[in-house]
Amino acid sequence: LEYSWTRTQGADEQTLMDALPERLRARIAIQIHVKTLKKVKIFENCEHGLLCELVLKLRPQIFSPGDYICRIGEIGKEMFIISHGKVECIITTNTGERKTVAVLVAGQSFGEIALLGVEGCSRRTADVRAIGYSE
């Protein structure tokens, strides 16, 4: 709660946006979030029109320290783009040891492989856990 308050000063972005006409909501979302999408490697060379369509599909989420965002073996139905904070990708080795294989920060993403529809690639291959508060 404190993290959310610090980031928004009590303003509920979704409630404010819902009160606006749909076209204005879309224009504001595009203005705010296209820059974030352009930081993501797989979107950096996309046309502006495609980025605008993708922005309208984004759903902000806040994760607390230690929250698992996804788990090994889950069926992936979404990808994640980090706008604030850090997350760690954790695997279990052949010996059963838990090992952090990557730490991702703002502008990085994960989970896109599961969305490609490639046979046998829809399941998550790592646990992803928030390090501190992450969005």
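1. A good place to start is E88, which sits opposite V103 of strand 4 (strands are DSSP runs of E, at least two residues, numbered from the N terminus). Please keep in mind that this is a predicted model, where local features need pLDDT of at least 70, side-chain atom pairs count only at pLDDT 80 or more, and totals for chains, interfaces and linings use all residues. Residues are numbered from 1 along each chain as its sequence is written, and side-chain values use heavy atoms, with hydrogens and water left out.

2. Strand 3 (residues 86-92) and strand 4 (residues 98-105) run antiparallel, joined by 7 bridges; pairing requires that DSSP finds at least two bridges between two strands. The two form a hairpin with 5 residues between them, and G96 in the turn has a positive phi of about 90 degrees.

3. Now for the interior. The largest nonpolar core (buried Ala, Val, Leu, Ile, Met, Phe, Trp, Tyr and Cys residues joined through side-chain atoms within 4.5 Å) has 11 residues, including F63, V87, C89 and L104. Strand 1 (68-70), strand 3 and strand 6 (127-131) each supply at least two residues of this core. Another core, of 10 residues, lies apart from it, with V34, L37, F43 and V55 among them.

4. I82, one of the residues of the largest core, touches V87, L104 and F110, among others, not counting residues up to four places away in sequence (contact means heavy atoms within 4.5 Å).

5. Lastly, the cysteines. A search of the whole structure finds 0 disulfides, a disulfide being a pair of cysteine sulfur atoms within 2.5 Å. C46 is partly exposed at 25% relative accessible area, while C52, at 13%, counts as buried (buried is under 20%, exposed over 50%, partly exposed in between, with a 1.4 Å probe and protein chains only).

Conventions:
Helix = DSSP H or I, 4+ residues; strand = E, 2+ residues; numbered from the N terminus.
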